[in-house]
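The exercises below ask for a careful reading of one chain, with each solution worked step by step. Please keep the sequence and the model in view while following them.

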Amino acid sequence: MPQESSAAQPSGTQLDSWLGSYAERTAGMRTSEIRALFSVASRPEVVSLAGGMPNLDALPLNVVAELNRDLVLESGDTALQYCSGQGIVKLREQILDVMRLEGIEAHPDDVVVTTGSQQAIDLVTRVFINPGDVIIAEGPSYVGALGVFSQYQAEVVHIQMDADGIVPELLEEKLENLKQAGKPVKLLYTVPNFHNPAGVTLSLERRPRILEIAKRYGVLVLEDNPYGLLGFDQEPMPALRSMDEDGVVYLGSFSKTFAPGYRVGWAVAPHAVREKLVIASEATILSPSAYSQMAVSSYLENADWKAQIQSFRNMYQGRRDAMIQALSDRLPQLSWNVPNGGFYVWVTLPEGLDSKAMLPRAVTQRVAYVPGTGFYSDDNGHRNMRLSFCYPTPERIAEGIRRLSNVISGEMDLIEIFGSSSSPASRTRGVQSPTPDLF
Ligand code: PMP
């Protein structure tokens with residue numbers, strides 16, 4: 001008998017014998033149709049402006065190899081063992097040094113080490129969100145967080161940004177409307193620095209205002225900050241957590257400032273929240289990798305990690321410049337922001353173009369990007385695309401933009417003849433997970 005429930009039904013195909021058994025939360029687990037395209041996009045002949053992978057060419061691999069060798073030979077018995085669910089104390093102390101660069105004063109007990117900050121997003125969502133609870137997130141927002149929110153059946157309400165990040169007046173208006181509608185808002189999820197995908201940074205002046213509004217409406221701020229130390233010609237901004245200890249859960253990561261392969265990130269949370277995060281983490285992974293934590297710890301102790309971050313900043317700045325130059329030379333009909341750090345440029349296409357519908361044509365012309373629709377939980381983003389400048393060399397970036405300009409000229413010609421380029425198939429709602437290397 002068909003079920004009469006109005007709850008979201010698990011997605012799948014009739015060929016799957018377990019289709020009737022899945023939990024309702026799997027309704028949010030859909031494979032993206034662009035996943036298949038991206039397996040083509042990762043071929044060497046394609047210039048991928050899609051991936052958010054850090055460029056590890058700038059890392060001294062011989063130094064890292066030596067540290068790893070010493071770690072196994074000298075401390076293998078602890079490094080290869082289970083460890084505390086909260087993470088090893090020495091690394092938690094070193095994490096405090098990293099966060100001090102953004103004005104955060106905390107105690108090692110406040111820190112929970114996680115398997116990348118991605119796991120921390122999952123833990124915070126698990127601890128706070130019931131199905132139907134509202135999470136406010138910037139529009140656009142980080143695709144990996146939207147995937148988590150969808151799996152916990154949260155309702156994501158996007159808040160628009162301008163060049164200075166979230167607009168406080170809009171946030172207040174949205175919270176008031178949701179309150180009037182009787183909808184419980186649990187979290188404000190924000191990437192305040194060099195936003196993924198929008199590239200913008202929340203201004204210093206707005207930071208205390210956002211915190212004050214969130215506090216007034218009883219909303220916990222989830223500050224996700226993997227890019228804060230990767231500014232180009234600006235020093236790190238004070239973190240939201242540096243201005244409010246009780247109202248913020250802060251997430252950090254070594255993925256972009258060292259190497260994502262170790263999968264070491266962390267959360268800093270008020271005491272009671274932190275206890276729940278540790279219990280939730282133990283239930284999932286028992287303990288984060290002792291080996292990875294000790295390797296990162298040894299790197300922080302023995303290598304000049306601040307100089308390394310400076311060399312990453314210089315490299316990414318050069319690539320940002322190459323991308324902006326190429327866009328200005330080849331695609332003046334588009335608009336984009338000029339990010340002052342991080343990995344991403346957010347592009348707006350001329351009226352009538354649809355980035356998702358255009359992607360197969362782009363991949364055929366050997367260039368890839370992520371369509372804007374991936375960064376919204378509603379039907380927005382069709383006229384946007386995220387271009388990453390982190391991974392390809394400046395020469396490849398210029399070539400990628402040249403190819404993209406050919407694709408866009410072709411689309412414009414089509415529009416002139418037939419009208420809008422968007423196809424009905426490209427207008428699907430909801431979060432669809434692209435492949436992890438695009439995050
Ligand atoms: N948050 C944001 C905004 C990101 O861009 C990423 C990675 N692209 C993550 C979290 C997850 O990073 P990790 O799990 O590697 O720490």
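A residue is called buried if 20 or more other C-beta atoms lie within 10 Å of its own, exposed if 12 or fewer, and partly exposed in between, with the C-beta atoms placed from the backbone. The model is a predicted one, in which local features need pLDDT of at least 70 and side-chain atom pairs count only at pLDDT 80 or more, whereas totals for chains, interfaces and linings use all residues. Residues are numbered from 1 along each chain as its sequence is written.

**Exercise 1. Classify Arg263 and Gln153 by burial and describe their backbone.**

Step one concerns Arg263, which is buried because 20 other C-beta atoms lie within 10 Å. Its phi is near 55°, a positive value in a residue other than glycine, and Arg263 sits in the loop between β8 (248-253) and β9 (264-268); strands here are DSSP runs of E with at least two residues, helices are runs of H or I with at least four, and both are numbered from the N terminus.

Step two turns to Gln153, which is partly exposed, since it has 17 other C-beta atoms within 10 Å. Gln153 likewise is not a glycine and has a positive phi, of about 60°, and its place is the loop between α5 and β4 (155-162).

**Exercise 2. Locate the cis peptide bonds that precede Pro140 and Pro197.**

The bond from Gly139 to Pro140 is cis, with omega near 5°, and Pro140 belongs to the loop between β3 (134-139) and α5 (143-151). The bond from Asn196 to Pro197 is also cis, with omega near 10°, and Pro197 lies in the loop that runs between β6 (185-190) and α7 (206-216).

**Exercise 3. Describe how α9 packs against α3 and against α2.**

Begin with helix α3 (residues 89-100) and helix α9 (residues 290-302), whose axes come within 9 Å and cross at roughly 45°; axes are lines fitted to C-alpha atoms, for helices over the stretch in contact, and angles run from 0 to 180 degrees between N-to-C directions. The two helices are therefore oblique to each other, given that angles under 35 degrees count as roughly parallel, over 145 as roughly antiparallel, 65 to 115 as roughly perpendicular and the rest as oblique. On the α3 side the contact is made by Lys90, Leu91 and Gln94, and on the α9 side by Gln293, Val296, Ser297 and Leu300, where contact requires C-beta atoms, placed from the backbone, within 7 Å.

Next take helix α2 (residues 61-79), whose axis comes within 10 Å of that of α9 and crosses it at roughly 130°, so α2 and α9 are oblique to each other. Among the residues that make this contact are Val64, Leu67 and Leu71 of α2 and Met294, Ala295 and Tyr299 of α9.

**Exercise 4. Summarise the protein chain as a whole.**

First, the secondary structure comes to twelve helices and 14 strands. Second, 47% of the 439 residues count as buried. Third, the radius of gyration, taken over C-alpha atoms, is 22 Å, which agrees with the value near 22 Å for a compact globule of 439 residues, the globule rule being 2.2 Å times the number of residues to the power 0.38. Finally, the C-alpha atoms fill a box of roughly 65 × 55 × 50 Å along the principal axes.

Terms used. Two residues are in contact if their C-beta atoms, placed from the backbone, lie within 7 Å.
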